[in-house]
Each structure stands twice: as C-alpha cells, then as structure tokens.
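Subject: Model for your review

Dear colleague,

Please find the structure below, followed by some notes on how its strands and helices are arranged.

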Amino acid sequence: MRLRILIGSLVISILGIILFSFGATQVYYEASIEEAKNYLEVYCNQFDDDIYTKDTSGAEKFSESLSGARVTIMNLYGIVLGDSVEADDVEVAADHSDRPEVVDAMANGYGFDVRKSDTLGKKMAYYCINTGTCLLRVAVYTSSEWAMFVKALPTIATFMAIDIVVCVLLALLGTYLILRPIEKLAHESGMEQEISTSYTELKPLVALLNERNANLSFQMNELKKEKEIVERTQNSKDELISNITHEMNTPLTAIKGYAELLENGNLTPEQQKTEYKTKYEQNEKQTNHNTNIINYNEITNDDLPPYDVDISAIVKDIISAVKPEADKQNVTIEEKIEDGVMVLARHERVSELCGNLIRNAIRYNKPDGKVTVTLTKGYLRVEDTGIGIADENKDKIFSRFFTVDKSHSGQNGGFGLGLAVCKRICKRAGWTINVESKLGEGSCFTVSFNKD
Ligand code: ADP
C-alpha cells in the first residue's frame, strides 16, 4: 500500500509538472509576442519618410539603425520599393498587398502578424504602418512555442528532480500519517477489548471490526464449551471403562473364589448353602450392570417413533414388581394413581423412567420409610422419606456415572446411569424432570408431561 501511494503521488506530481510546463511555455510565448509587437511599434515610430524613402537603400539604412531588424518599404498599394534583406533573397517590386499585416495597415493604418517567413523560412513577427507616403514594415525573429519549451527543458528537468525528492518525502510522511491510525486499529483489533477511533472515516470500519470481534469471541466461547464437553465425555468414558472393569471384576473374582471353595469340598452343607447364595447374588449384580449399560445404550441411541402409552398401568406394574424389595427394607409404598393416563412415548422408555425413580426411592430410603407415587395427567411424582440429596449434588445426579457415595457405586445395581437415562428419556419426550430434596429428610422427583 505504501509503495502504491508513493508511485501514485509521484506519477501525479510528474504529470502536473509536465502540464504546468506546457501551460507556462504557452503563456511565456504569448507574452513575448506581445512584447515584440510593442517594440516593433516603437521601431516604426522612429521612421522618417524624408530620409529613408529617397532611394532603394533606405530600407537597409533604417534596418541598420534598428540593430538589423528586417525593414520593408512598400508603396501605398503593397508593392515592395526596398527591403533590408539581401537582394538575392527578396524580389524587389514584389507585391506584398496580400500579407495580413499589410492588408490591415492599408485598411486601418497599422497591422501585426506572426508567421513563418516565405522569404527567410523562419518564424517572424511583422508590424506594418501606413506613414502616409509609404507602407513601412519592420520584422524580427521570434521563437516557436516548441523551441521555447525545448529551451526551458534543463530548468524543467531540475525542477522535476527537486519535485521527485520532495514528493517522495511528502508521500512517505503522508502514508505514515494515513496508515498509522489504520495500523493501530489492526493491532488493537487483535486484542479482545472493544476498539474505537476519533476519525470519522474509520468509524464504519471500527464498527465492522467490533462486530467481527464480538462474533469471534462468541464462537471462541462456544468452541471452548464444546471442547469442555468433549473432554468431559472423554473423562466419562474413561471413568465408565474403569467403573465397568472394576465392577465386573469384583463379582467375577468373588464367584471364582467361591467356586474354588466348593471344588475343594471342605465346606459343611450349611456353609455350602451360604456360598451358593452369595454366588447367586454376585451373579445378579453382574447381570444388573450389564442390563444398565445395555439399557442406557438402547434408550439413548434408538430412533424408534413414540406412540400413546398407558403410564398408569406401567406404574402399577412396577410397584407390584418392587414390592418384595420394599418389604425387605420395611418401606411402604403409597399409590395416588389416576387411571388411564396416556403419554406419547414408548413403553420401554416409560417403564425405564418410572422404574428408576421408584427403585431409587426404595434403595435410598431408610428402614421403615415411605414412598409416595402420585400420577396425574400433568405429572408423575415419586416422593420418599430417605437419605436425601445435598444441594451441591442436585444437578450432578443427572450426569452419567455420578454417584453420591462412591463406595456404594455398583451396589444396589447401579453406577450412576439411572437418572441420566431418566433425563434423556424426558428430553426426548419434551418433558421436564426435577428434584427437590433435603439431606436426611427425603427427596421428591417430579416429571412434568407438559411440553416446555
Ligand atoms: P444409581 O444407579 O447409582 O442409583 P442413579 O443415576 O439412579 O444411579 O442415581 C445417581 C445418584 O443419585 C445415586 O447414586 C444416589 O446417590 C442419588 N440418588 C438417586 N435417587 C435418590 C433418592 N431418591 N434419594 C437419595 N439419593 C438418590
């Protein structure tokens, strides 16, 4: 850009000088013609008829008194009587009545013209007067415009050289002054803060840059968030793999140990019964893990269409199924269920959602506790009088693989996937799920069927 401005201003200034030189030459030329006319008039006024019209050498004599200016003396009809130019060069007795200055002098008393002389082949200024007894014409050489221009060329070249130097310096200064605020803007726009300028011409650019910066920082934030999500997902995956490995190895190791004990045959029948029971429980636990993982994958990844599902029937079935487990912990279940409540979802998803909430309410309850399941057309609510959830964990419990008590991870069948599945199912159906809870007093999970 700097170079372009420099070249541009150089070209403009050189063109300017050339045009100015032509103009100045023209003005100077016209002034010199005017000056020639004036002194030719003065020359003519010095003419004396009595002295110079006596013989044909009068013209030469008058020319000598005028330092060699060409003098032509004609009769009143324009016929040449004498000419100061050598007799070889000019035809005496020639008729000059058609020359413009002679025509004017015959008509008006004087005439003036500038042209190339037919006789001498050079450009001349002619002044002619009618003296009353003859026509007197005095002429001097003049330079043409082009000749004047050529003569002035060394001066023009000197000025051009000075002009180029001055122009380069001024262009450098100009580009520095013009580009400085732009470079400052470019530098500031790379920073995060909003930029401003006092130059009116740059204000639209500044507005554009600020808008672009705002967009960029918005996109950067989005990217940052996405990166965090990817990292979190990666961590979750790592955690999942480590959880699965740990949780699956534990029952397998236990089962192997019991199998070895049984193989040795050193156990009493009573001990054998206990070992079989433990083996069975470990096996159940293993199956539970597998089911959880498979459920999560199926429910979060399937593309199957929803249909009308009788949620009242599903909730009742689940309550019957978990009754033995509740009885074992001495937890009573109260049902406040409206019949025939229909929701748009899929049977397996609704079953998974309600099952997870009701089973958790029993699992995280206290002995002799209570679970209340309420179902209306607008919502499903599962309340318990259990251990409750601390405020800081209320959001986290819906994340995958989050368990409040890590030491219990994998016990009671889960390692933090149940509520994540519930949240995902609600999201797909357009429902909302939230929890209210007080640590040590109990929790209340509500699924609202109204679309947001
Ligand atoms: P899990 O299979 O471990 O139960 P969930 O995703 O169902 O996984 O639950 C995540 C965590 O939320 C549980 O580990 C538990 O600490 C807590 N939680 C869930 N439901 C309840 C509840 N009704 N009362 C107290 N804590 C609960």
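One open sheet is built from five strands in the order 7-9-10-12-11, with mixed pairing, where strands are DSSP runs of E of at least two residues and helices are runs of H or I of at least four, both numbered from the N terminus, and where two strands pair if DSSP finds at least two bridges between them. Strand 7 (332-337) and strand 11 (432-438) stand at its edges, each with a single partner strand, so one side of each has no neighbour in the sheet. Direction ignored, neighbouring strands here are turned by 10° against each other on average.

Before going further, please note that this is a predicted model, in which local features need pLDDT of at least 70 and side-chain atom pairs count only at pLDDT 80 or more, while totals for chains, interfaces and linings use all residues. Residues are numbered from 1 along each chain as its sequence is written, and side-chain values use heavy atoms, with hydrogens and water left out.

Within the sheet just described, strand 9 (residues 370-375) and strand 10 (residues 379-384) pair in the antiparallel sense over five bridges, and Val373 has Val382 in strand 10 as its bridge partner. Helix 8 (residues 311-328) packs on this sheet and touches strand 7, strand 9 and strand 10, contact meaning heavy atoms within 4.5 Å. The direction of helix 8 makes about 175° with that of strand 7; axes are lines fitted to C-alpha atoms, for helices over the stretch in contact, and angles run from 0 to 180 degrees between N-to-C directions.

A second open sheet has five strands in the order 2-1-5-4-3, with antiparallel pairing. Its edge strands, strand 2 (80-83) and strand 3 (110-116), each pair on one side only, and the twist averages 20° from one strand to the next. Strand 1 (residues 70-74) pairs with strand 5 (residues 135-141) in the antiparallel sense over five bridges, with Met74 opposite Leu135 in strand 5.

Turning to the helices, helix 9 (residues 347-363) and helix 10 (residues 418-429) pack at an angle of about 140°, with their axes 9 Å apart. The two are therefore oblique to each other, given that angles under 35 degrees count as roughly parallel, over 145 as roughly antiparallel, 65 to 115 as roughly perpendicular and the rest as oblique. Residues that meet include Arg349, Glu352 and Leu353 in helix 9, and Val421, Cys422 and Ile425 in helix 10.

Best regards
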